[in-house]
Amino acid sequence: MCGIVAVTGYKKALPLLLNGLEKLEYRGYDSAGIAIINSENNCISCEKAEGKLKNLINNINDHNIPGTVGIGHTRWATHGKPVVKNAHPHTDSSGNIAVVQNGIIENFQDLKNKLEEEGIIFNSDTDTEVIPHLIQRELSTLSKLNLENNGSTLLVAVRNVLSDLEGSYALAVLWSGAPTSLVVTRRQAPLIIGLGEGEFICASDTPAIANFTNIILPMEDEEIALLTPLGIEIYDSSNERQYRNPVSLKVSEQIMDKMNFKHYMLKEIYDQPQTAKNWLENYLIKNSDNGQYQINYPFDTKFFESIERIEIIACGTSKHAAMVGSFLLEQFSGIPSNVFFASEFRYSPPPLLPNTLTIGVTQSGETADTIAAMDMEIKRRSSIENEKFKPNLIAITNRKDSSIGRQVSNIIDICAGIEVGVAATKTFFAQLLSFYGLAIKFAQIKGNQSSEEIDKLINELKNLPPLLEDLIEKHNKSSEKLAHDFFNIKDVIFLGRGINYPIALEGALKLKEISYIHAAGYPAGEMKHGPIALLDKKVPVISIASPGEVFDKVISNAQEAKARDAYLIGIAPDCKGTEIFDYLMKVPSSNEWISPLLNILPLQLLSYHIASHRGLDVDQPRNLAKSVTVE
Ligand code: M6R
């Protein structure tokens, strides 16, 4: 989604901004721009381009911009088409103020109407453009008070404008009247300040600053900061000056390296055995007293004892991981559990029930719907005095330094390392593992599962890494061949049942996201209630058939598809019953509980190779953003 980079200091701003923007490309965007206080005349020089960053770079190559203070932005269109006039930065009518913004100003239309009545002419269709005009109006009011033209005056002007803005945002503002200053602020959108060598660099996401520094000052919600080459002043929403110690970034987790892979997505699929090793190393610990394995989550799990039910809130792929998790928590650990789309939960939450654990799942930790839904749940539970209704919270995330990390103290860090491909692969896998850990923990605490079954599951988890390596190696080749035959299809149906139904949904989501082929996942037993009408020989059916409780049922459902001439692809071990498939993507035979962790890999690889064969931008598919920070 949109990305912000802003810099002030002693070094040339242009390369710093472009480097930062390049690191934000993975988040998804459709136009880009920069504004720099030109050191030759102290005026703002602004450049924008539609499409990829390279278009902006081509424009700038013709006239290099001198200056050490600047802002940059990658825009993912919300208000107005992805065209140059809507790209950020946006300026006031005089061109003396430039603003980049992430998020949405919800009351922009009212503000715009008022400004238009005052004679302001707008040049874009964005919500953002109201901000520079409002700041300009505020600065002219302040000038009547004889305030000096400096960063502090800009800070006051921006702060006064914030009280007019509704919505969530991160902002960076330049003013030619204070040519070394930069004002930045955030409300429910991320922004961090990096302390570089000779510059302060501010960004909406850590990779944009990881090349320059690993020392950061995270900004709290509703804070505003004035940055000059001489230092940083941070104020809270009551205008109290804030002092805090810088923290270190784990740079290794922020560095993006494609190695020798053609795309990040393929590299990240290949990372999954290591993801499993990391999880086993971090979270599966042998108790030296009794030799038993335990899940070592970094919080006191005593409160689990009183938990009677679980609600899980997530979006997209994270929701699919949550569905597998919910299945495990109910069927393996015996705790009632429900999963909700965060975007639905916000507006139609279920009635409050006592002794509930709320789990938020978000790899980025910034998904606006998930953060807002969690916030709402925290507030509505905190408003009840009865202890049984108090919020019990866990967040499962890849970014513990994110918004959800600040919102929730019990964090399961999935430790997957940065994921650059917009399509989630290794983070999905790591989220699944986190749920296996929770299911084991609950089963141990609640005693709803036999210790033999728990040990069996733990053993299968321990044995995963070599199986995964082998699986990826084999299917990388075979799915490339399969993709050759299928890259031109129009529709694909994915079927799964029980614990593998969410894997069918995830398989379909992966395919649509990166190949733009229509795909839908169904519980296999539901096909005959409607979707079967879609089937003919042009619609392949991918059926996940893992030996266990529902294996025979899935095979019967696949028979029904075959009878309608569908080409059948099976994701299954090579066992009796699977001869029905026209093509078998073999996975190792396993305990059914563990099967999602194996079945997802061939599906990821198949989607990857189909999209790659179609020559598409696999890592940055059209219209998508890596973290969706608007509602
Ligand atoms: O960062 P989150 O896990 O909260 O993101 C949720 C979804 O936006 C995300 O999973 C999306 O569906 C991905 N593009 C999936 O590949």
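1. Helices (H or I, at least four residues) and strands (E, at least two) are DSSP runs, numbered from the N terminus. This is a predicted model, in which local features need pLDDT of at least 70 and side-chain atom pairs count only at pLDDT 80 or more, while totals for chains, interfaces and linings use all residues. Residues are numbered from 1 along each chain as its sequence is written, and side-chain values use heavy atoms, with hydrogens and water left out.

2. A good place to start is the sheet. Seven strands make up an open, antiparallel sheet, ordered β5-β6-β7-β8-β12-β13-β14; two strands pair if DSSP finds at least two bridges between them. At its edges lie β5 (90-91) and β14 (241-242), each pairing on one side only.

3. Within the sheet, β7 (residues 167-175) and β8 (residues 182-187) run antiparallel and are joined by five bridges. Here Tyr-169 faces Arg-187 of β8.

4. Two helices pack on the sheet. Helix α4 (residues 130-143) touches β5, β6 (97-105) and β7, and its direction makes about 125° with that of β6. Helix α5 (residues 151-162) touches β7, β8, β12 (224-228) and β13 (231-235), at about 160° to the direction of β12. Contact means heavy atoms within 4.5 Å; axes are lines fitted to C-alpha atoms, for helices over the stretch in contact, with angles from 0 to 180 degrees between N-to-C directions.

5. Further along, do have a look at α8 (residues 272-283) and α15 (residues 464-486): their axes come within 8 Å and cross at roughly 170°. The two helices are therefore roughly antiparallel (angles over 145 degrees count as such). From α8, the contact uses Gln-272, Pro-273, Ala-276, Lys-277 and Leu-280, and from α15, Pro-465, Leu-468, Glu-469 and Ile-472.

6. Now for the empty spaces: there are four cavities of 30 Å³ or more. A cavity is a set of points on a 1 Å grid over the protein atoms alone where a 1.4 Å probe fits but cannot get out, and lining residues have an atom within 4 Å of a point. The largest holds about 90 Å³. Among its 13 lining residues, Ile-489, Val-492, Ile-542, Leu-606 and Ile-610 are the closest to its centre. Helix α18 gives the largest share of this lining, four residues, and the lining divides into twelve nonpolar, one polar and no charged residues.

7. The second largest cavity has about 60 Å³. Its lining includes Cys-2, Trp-76, His-88 and Asp-127, with the largest share, three residues, coming from β6. This lining has two nonpolar, six polar and two charged residues.

Definitions and conventions:
Angles under 35 degrees count as roughly parallel, over 145 as roughly antiparallel, 65 to 115 as roughly perpendicular and the rest as oblique. On a 1 Å grid over the protein atoms alone, a cavity is a set of points where a 1.4 Å probe fits but cannot get out, and a pocket is an open set with protein on both sides within 12 Å along at least five of seven lines; lining residues have an atom within 4 Å of a point. Grid points are joined across faces, edges and corners, and a volume is the space filled by probe spheres set on the points. Ala, Val, Leu, Ile, Met, Phe, Trp, Tyr, Cys and Pro count as nonpolar, Asp, Glu, Lys and Arg as charged, and the others, Gly among them, as polar.
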